[in-house]
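This report describes a single protein chain, moving from its surface to its strands, its interior and a few local details. Please keep the sequence and the coordinates at hand while reading.

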Amino acid sequence: MRISFNLLPEKQKKHLHVQKIFRIIIEQEIHFMILFLFLIFGTFAIFFILKTEINIMQNIRTKLVEQEQYKSVLKTHKQFKDIHKKMNMIERLANNHVRWSQLFIILSENVSKYISIDSIKTDEDMVTIVAVADTREDVVKMKDVFSNIKINDINCFSDIVVPESQLAVPVDVTFTMTLKVNLECLK
């Protein structure tokens, strides 16, 4: 059994206690500094590794680019890209293309034999037809027929106008018909 006596004065005890606390704080700071140094060295190590890998990858890329096969692959890739752009442009043009020949087909199917067309003029989606009909009833029938023409449930013509002043003559009627064409019917 061991018995210990603490015969130090109170001032000395406080001094030893403060030293003990100070020592613990210093030890904690040393641990923290060591950890902080490890983090800094780890960051530098990662930076060095990444920089080395980037240099290696750039060297490999330079060697690949200098090879003749790589240049031919790049050239072929560029050609495919250009062809793809041209195909997209052609497809857009084809989708938005208006086939005016469809208008002539519609005219040939729906204009009666009693009407002869002298001229057809277009201005964007407006068509002007100058024609001669045997009777004014033929003109009225033509106007009705054109107002009822549908393709895929779409009315092909609208705003059909024949001036009434041109319908004053009962036979050999020279008339001008203007109509608005729905371009969806012509695609």
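On the surface of this predicted model, the residues I56, M57, I60, L64, Y70 and L74 make up a nonpolar patch whose accessible area, taken together, is about 540 Å². Two helices, α1 (10–66) and α2 (68–96), each contribute at least two residues to the patch, and α1 provides the largest share, with 4 residues. I60, one of the patch members, is located in helix α1. With a relative accessible area of 42%, I60 is classed as partly exposed, because this value falls between the 20% limit for buried residues and the 50% limit for exposed ones.

Helix α1 also holds H17, which is partly exposed at a relative accessible area of 48%. The C-alpha atom of H17 is separated by 111 Å from that of I105, a residue 88 places away along the chain.

Helix α2 carries the charged pair of the model. The structure holds 1 salt bridge, formed between K78 and D82, whose closest N and O atoms are 3.6 Å apart. This distance counts as a salt bridge because it is within the 4 Å cut-off between a side-chain nitrogen of Lys or Arg and a carboxyl oxygen of Asp or Glu. As a general point, side chains of opposite charge can pair when their charged atoms come close. Both partners lie in helix α2 and are 4 residues apart, which is about one turn of the helix. Are the two partners buried, partly exposed or exposed? K78 is exposed, since its relative accessibility is 53%, while D82, at 31% relative accessibility, is partly exposed.

The strands can be followed through their pairings, which are collected here.

| Strand pair | Sense | Bridges | Example of bridge partners |
|---|---|---|---|
| β1 and β2 | antiparallel | 8 bridges | I117 and A131 |
| β2 and β6 | antiparallel | 9 bridges | V132 and T174 |
| β5 and β6 | antiparallel | 3 bridges | V161 and T178 |

Strand β1 (residues 115–123) pairs with β2 in the antiparallel sense, and the two form a hairpin with 2 residues between the strands, where E124 takes a positive phi near 55°. Strand β2 is in turn joined to β6, again in the antiparallel sense, with V132 standing opposite T174 of β6. Strand β6 also pairs with β5, and in that pairing T178 of β6 is the bridge partner of V161. In a regular strand the side chains alternate between the two faces of the sheet.

Which residues have the most contacts inside the largest nonpolar core? They are M142, F146, F157, F175 and L179, in a core that has 25 residues. The elements that supply two or more residues to this core are α3 (100–110), β2 (126–135), α4 (136–147), β5 (157–161) and β6 (171–181), and β6 gives the most, with 5 residues. Leaving aside residues up to four places away in sequence, F146 touches L107, N110, V111, F157, I160 and L179. Two of these neighbours, F157 and L179, are themselves listed among the residues with the most contacts inside the core.

The loop between β5 and β6 contains S165, which is exposed because its relative accessible area of 62% is over the 50% limit. The C-alpha atoms of S165 and F175 are separated by 9.1 Å, although the residues are 10 apart along the chain.

Two aspartates with a positive phi complete the account of the local backbone. D153, a residue other than glycine, has a phi near 60°. This aspartate is placed in the loop between β3 (150–151) and β4 (154–155), and its 76% relative accessibility means that D153 counts as exposed. D159, which is not a glycine either, has a positive phi of about 50°, but D159 is found in strand β5.

Terms used
Residues are numbered from 1 along each chain as its sequence is written. This is a predicted model: local features need pLDDT of at least 70, side-chain atom pairs count only at pLDDT 80 or more; totals for chains, interfaces and linings use all residues. Side-chain values use heavy atoms; hydrogens and water are left out. A nonpolar core is a set of buried Ala, Val, Leu, Ile, Met, Phe, Trp, Tyr and Cys residues joined through side-chain atoms within 4.5 Å. Buried means under 20% relative accessible area, exposed over 50%, partly exposed in between (1.4 Å probe, protein chains only). Contact means heavy atoms within 4.5 Å. Patches are made of residues with over 30% relative accessible area and no salt bridge: like charges are joined within 9 Å, nonpolar side chains (Val, Leu, Ile, Met, Phe, Trp, Tyr) within 5 Å. Accessible areas come from the Shrake-Rupley method with a 1.4 Å probe; for residues, only the protein chains shown count as cover. Two strands pair if DSSP finds at least two bridges between them.
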